[in-house]
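Welcome, and thanks for taking a look at this one. Please keep the sequence and the 3D view side by side as you read.

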Amino acid sequence: MTDLDIVMLVCLAIVAAALIVTDIRVIKAWKAAKDKVTLTEIGDILCMILFAAGVTCCYSVDNMSLPVYVLSLIVTLLFLPCAFTIITPEGIIVPEIKKDCLRPAEKYSYDYTQGKVIKETLNIYYNNGRPLKLYLGIKSTKLLTMLNNNYEKHGYENPMLRSE
């Protein structure tokens with residue numbers, strides 16, 4: 001085993017340990033939520049597929065040792081729970097290693113936008129920052145009801161129901 005393999009193994013082991021802690025926290029929060037909607041983030045899934053494909057290509061041309069290859073694929077699988085956005089009436093469950101995984105609903109706002117390639121996008125803003133863009137499962141009746149109820153519960157007017 002070369003020095004580069006050892007460095008890669010150590011780095012991947014650190015990432016794997018952090019992802020295990022994060023996954024446990026996300027899964028606990030996910031199980032604790034009674035009413036939830038799970039949405040997939042396309043970008044994260046594509047990154048996982050591309051990473052796994054790249055690692056497989058490197059291994060197939062003998063540029064990577066077997067332990068590094070196996071640990072890289074394990075890290076890819078450990079990232080899977082982080083690739084989902086879980087929306088609950090209390091807020092949104094996000095992967096966090098230090099803080100509470102549940103961010104309160106009153107700090108979020110949302111809107112729908114029309115795109116050229118993908119017809120509709122759900123933009124979720126945390127503290128009016130950069131939006132989290134979701135494309136799959138955004139027309140779910142359960143999700144729409146949950147988002148609307150969060151606005152009413154916190155005394156805000158839903159921008160999607162505002163009459164012009």
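What follows is a short tour of the sheets, the largest pocket and two loop residues.

This is a predicted model. One open sheet has 4 strands in the order β1-β2-β3-β4, and another open sheet has 3 strands in the order β5-β6-β7. The pairing is antiparallel in the 4-stranded sheet, and antiparallel pairing is also found in the sheet of 3 strands. The largest pocket holds about 220 Å³ of space.

**The sheet of four strands**

- The open sheet of 4 strands runs β1-β2-β3-β4, with antiparallel pairing. Its edges are taken by β1 (37-40) and β4 (102-104), each with a single partner strand, so one side of each is left without a neighbour in the sheet.
- From one strand to the next, the twist in this sheet averages 25 degrees.
- Helix α1 (residues 3-32) packs on the sheet and touches β1, β2 (84-88) and β3. The direction of α1 makes about 140 degrees with that of β3.
- Between β1 and β2, the antiparallel pairing extends over 4 bridges. Here L39 has T85 in β2 as its bridge partner.
- β2 and β3 run antiparallel and are joined by 3 bridges. These two strands form a hairpin with 2 residues between them, and T88 stands opposite G91 in β3.
- Strand β3 (residues 91-93) pairs with β4 in the antiparallel sense, over 3 bridges. For I92, the bridge partner in β4 is R103.
- Is β2 largely enclosed or left open by the rest of the structure? Of its 5 residues, 4 are buried, so β2 is largely enclosed. The cut-off behind that reasoning is a relative accessible area under 20% for a buried residue.

**The sheet of three strands**

- In the second open sheet, the 3 strands follow the order β5-β6-β7, and the pairing is antiparallel. Here β5 and β7 stand at the edges with a single partner strand each, so one side of each lacks a neighbour in the sheet.
- The twist from one strand to the next averages 25 degrees in this sheet.
- Strand β5 (residues 108-114) and strand β6 (residues 120-126) run antiparallel and are joined by 7 bridges. The two form a hairpin with 5 residues between them, and T113 has T121 in β6 as its bridge partner.
- How many bridges pair β6 with strand β7 (residues 132-134)? There are 3 bridges, in the antiparallel sense. Across this pairing, L122 stands opposite L134 in β7, while N123 stands opposite K133 in β7.
- The hairpin of β6 and β7 has 5 residues between the strands, and N127 in this hairpin takes a positive phi near 50 degrees.

**The largest pocket**

- About 220 Å³ of space lies in this pocket. Its lining is made of 14 residues, and those nearest the centre are E41, V94, R103, Y108 and L132.
- Which elements give two or more residues to the lining? They are β2, β3 and β6.
- By residue class, the lining divides into 10 nonpolar, 1 polar and 3 charged.
- One of the residues nearest the pocket centre, R103, is also the bridge partner of I92 in the four-stranded sheet.

**Two loop residues to visit**

- D62 lies in the loop between α2 (42-60) and α3 (66-78). Although D62 is not a glycine, it has a positive phi of about 60 degrees.
- Is D62 buried or exposed? With 69% relative accessibility, D62 counts as exposed; the cut-off that decides this is over 50%.
- F79 sits in the loop between α3 and β2. Its relative accessible area is 27%, which makes F79 partly exposed.
- Leaving aside residues up to four places away in sequence, F79 touches L19, D44 and M48.
- The C-alpha atoms of F79 and L143 are separated by 24 Å, and the two residues are 64 apart along the chain.

Note on methods. Residues are numbered from 1 along each chain as its sequence is written. This is a predicted model: local features need pLDDT of at least 70, side-chain atom pairs count only at pLDDT 80 or more; totals for chains, interfaces and linings use all residues. Side-chain values use heavy atoms; hydrogens and water are left out. Two strands pair if DSSP finds at least two bridges between them. Axes are lines fitted to C-alpha atoms, for helices over the stretch in contact, and angles run from 0 to 180 degrees between N-to-C directions. Contact means heavy atoms within 4.5 Å. Buried means under 20% relative accessible area, exposed over 50%, partly exposed in between (1.4 Å probe, protein chains only). On a 1 Å grid over the protein atoms alone, a cavity is a set of points where a 1.4 Å probe fits but cannot get out, and a pocket is an open set with protein on both sides within 12 Å along at least five of seven lines; lining residues have an atom within 4 Å of a point. Grid points are joined across faces, edges and corners, and a volume is the space filled by probe spheres set on the points. Ala, Val, Leu, Ile, Met, Phe, Trp, Tyr, Cys and Pro count as nonpolar, Asp, Glu, Lys and Arg as charged, and the others, Gly among them, as polar.
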